[in-house]
Amino acid sequence: MAVHNHSHRHLGFRFPSLHRGGTAPASGEVTTAAATATQAYAFAGLRLLTGFVFLWAFLDKTFGFGYATRSGNGWIDGGSPTKGFLSGVAVGPMESTFHDWAGAAWADWLFMLGLLGIGLALVAGIGLRLAAVAGTLMMALMWIAEWPPARHLSDGSASMSTNPFADYHLIYAVVLIALAAAGAGATWGLGKAWARLPFVSRNRWLL
C-alpha cells in the first residue's frame, strides 16, 4: 500500500497585515500605542464630564431648573448666582470680604461668565490653558470661602470639614491643569483644528 505524504494545511482564516511594509510591529510598540490611545480617550472623557459640570452649573443658576437653584430663582428671574453662597460664608480669612461681594452685579457676571467660558472650552476642547487658569482661580476662591482647615465656624459650631486641605475644589483645579497639560482637546474635541488657526499658533497660551 502506497503512503502519500501530504503537507499540513492550516485551518481557519488568515487576516491580512495592517502594515504595508509587511513587517509586523513589535509587541512593545503595539502595547505603547494602545496605552497612548487609552490615555487619550480617558482624558477626553474626563474633559467632557468636567465641562458638563461647569455648563450645568451655569444653566441651573441661569434658568433655575430646581436643582441647586430653585425654580423662579434663576438669574433671568432676577436672582443672584453669588448671593446665597457668598452671604453664607461663615469661616475663613475672607469671610467679611465675601459678604461684601455677595449679590454684587460684577461678581455675578464674572462668576457666570467663568462657568460658561470654562464649560464651553472643556466641551469643545479649545482654550484649555485659559480654562485651567480661570478655573483654578475660581476653585481657589471657593476653597477659601469654605476654608476646610477650620474645625469650627465663626459662631463656634463644628465646621464638619471632612479634610483640612483636599476637597473637591482642589480636585477640580488639578483636573483642569492636567487636561491642559495633556492637550486633552485633541481627542473628541476641536483641539487640533484650533491649534492650526494662525492667531492660536502665534499665541500658544490660547491652546
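## A helix to start from

Ala193 sits in helix α7, which spans residues 191-196; helices here are DSSP runs of H or I with at least four residues, strands are E runs of at least two, and numbering goes from the N terminus. At a relative accessible area of 39%, Ala193 is partly exposed, where buried means under 20%, exposed over 50% and partly exposed in between, using a 1.4 Å probe and protein chains only. Its C-alpha atom is separated by 9.0 Å from that of Ile126, although the two are 67 residues apart along the chain.

Some ground rules: this is a predicted model, in which local features need pLDDT of at least 70 and side-chain atom pairs count only at pLDDT 80 or more, while totals for chains, interfaces and linings use all residues. Residues are numbered from 1 along each chain as its sequence is written, and side-chain values use heavy atoms, with hydrogens and water left out.

## Overall layout

The protein has eight helices and zero strands, so by the DSSP definition of helices and strands the pattern along the sequence reads α-α-α-α-α-α-α-α. Of its 207 residues, 28% count as buried. Take the contacts (heavy atoms within 4.5 Å) with a separation of 6 or more: residues 24 or more positions apart account for 61% of them.

## The nonpolar cores

A nonpolar core here is a set of buried Ala, Val, Leu, Ile, Met, Phe, Trp, Tyr and Cys residues joined through side-chain atoms within 4.5 Å. The largest one has 20 residues, and the members touching the most others are Phe54, Leu115, Ile118, Leu122, Met138, Met139 and Leu176. Two or more residues come from each of α1 (27-63), α4 (105-124), α5 (128-146) and α6 (168-181). There is also a second, separate core of five residues, with Leu86, Val89, Ala102 and Ala145 among them.

Leu122 is a handy residue to click on. Setting aside residues up to four places away in sequence, Leu122 touches Arg47, Thr50, Gly51, Phe54, Leu128, Leu176 and Leu179. Thr50, in helix α1, is buried at 5% relative accessibility. With neighbours within four places again left out, Thr50 is in contact with Leu122, Tyr172, Val175 and Leu176.

## Aromatic pairs

Rings of Phe, Tyr and Trp (its six-membered ring) pair if their centres lie within 6.5 Å; planes under 30 degrees apart count as stacked, over 60 as edge-to-face and the rest as tilted. The count comes to 13 aromatic pairs. One of them joins Phe54 and Tyr172 edge-to-face, at 6.3 Å centre to centre with 65° between the planes. Phe54 belongs to helix α1 and Tyr172 to helix α6, so this pair ties together parts that are 118 residues apart in sequence. Phe54 is buried at a relative accessible area of 3%, whereas Tyr172 is partly exposed at 26%.

Trp194 and Phe199 make another edge-to-face pair, with 5.7 Å centre to centre and 90° between the planes. Phe199 is partly exposed at 38% relative accessibility. Elsewhere on the aromatic list, Phe52, Trp56, Phe63, Phe65 and Tyr67 form one cluster.

## Pockets

On a 1 Å grid over the protein atoms alone, a pocket is an open set of points where a 1.4 Å probe fits, with protein on both sides within 12 Å along at least five of seven lines; lining residues have an atom within 4 Å of a point. Points are joined across faces, edges and corners, and a volume is the space filled by probe spheres set on them. The largest pocket holds about 980 Å³ and is lined by 40 residues, with Phe85, Phe111, Leu115, Met138 and Met142 nearest its centre. At least two lining residues come from each of α1, α2 (83-87), α3 (95-101), α4, α5 and α6, and the largest share, eight residues, is from α5. The lining splits into 27 nonpolar, nine polar and four charged residues, counting Ala, Val, Leu, Ile, Met, Phe, Trp, Tyr, Cys and Pro as nonpolar, Asp, Glu, Lys and Arg as charged, and the others, Gly among them, as polar.

The second largest pocket comes in at about 240 Å³. Its lining has 15 residues, and Glu146, Pro148, Ser159, Met160 and Ser161 lie nearest the centre. Here the split is eight nonpolar, five polar and two charged.

## The loop between α5 and α6

Thr162 is in the loop between α5 and α6 and is exposed at 82% relative accessibility. Thr162 and Pro149 lie 9.4 Å apart, C-alpha to C-alpha, with their positions 13 residues apart in sequence.
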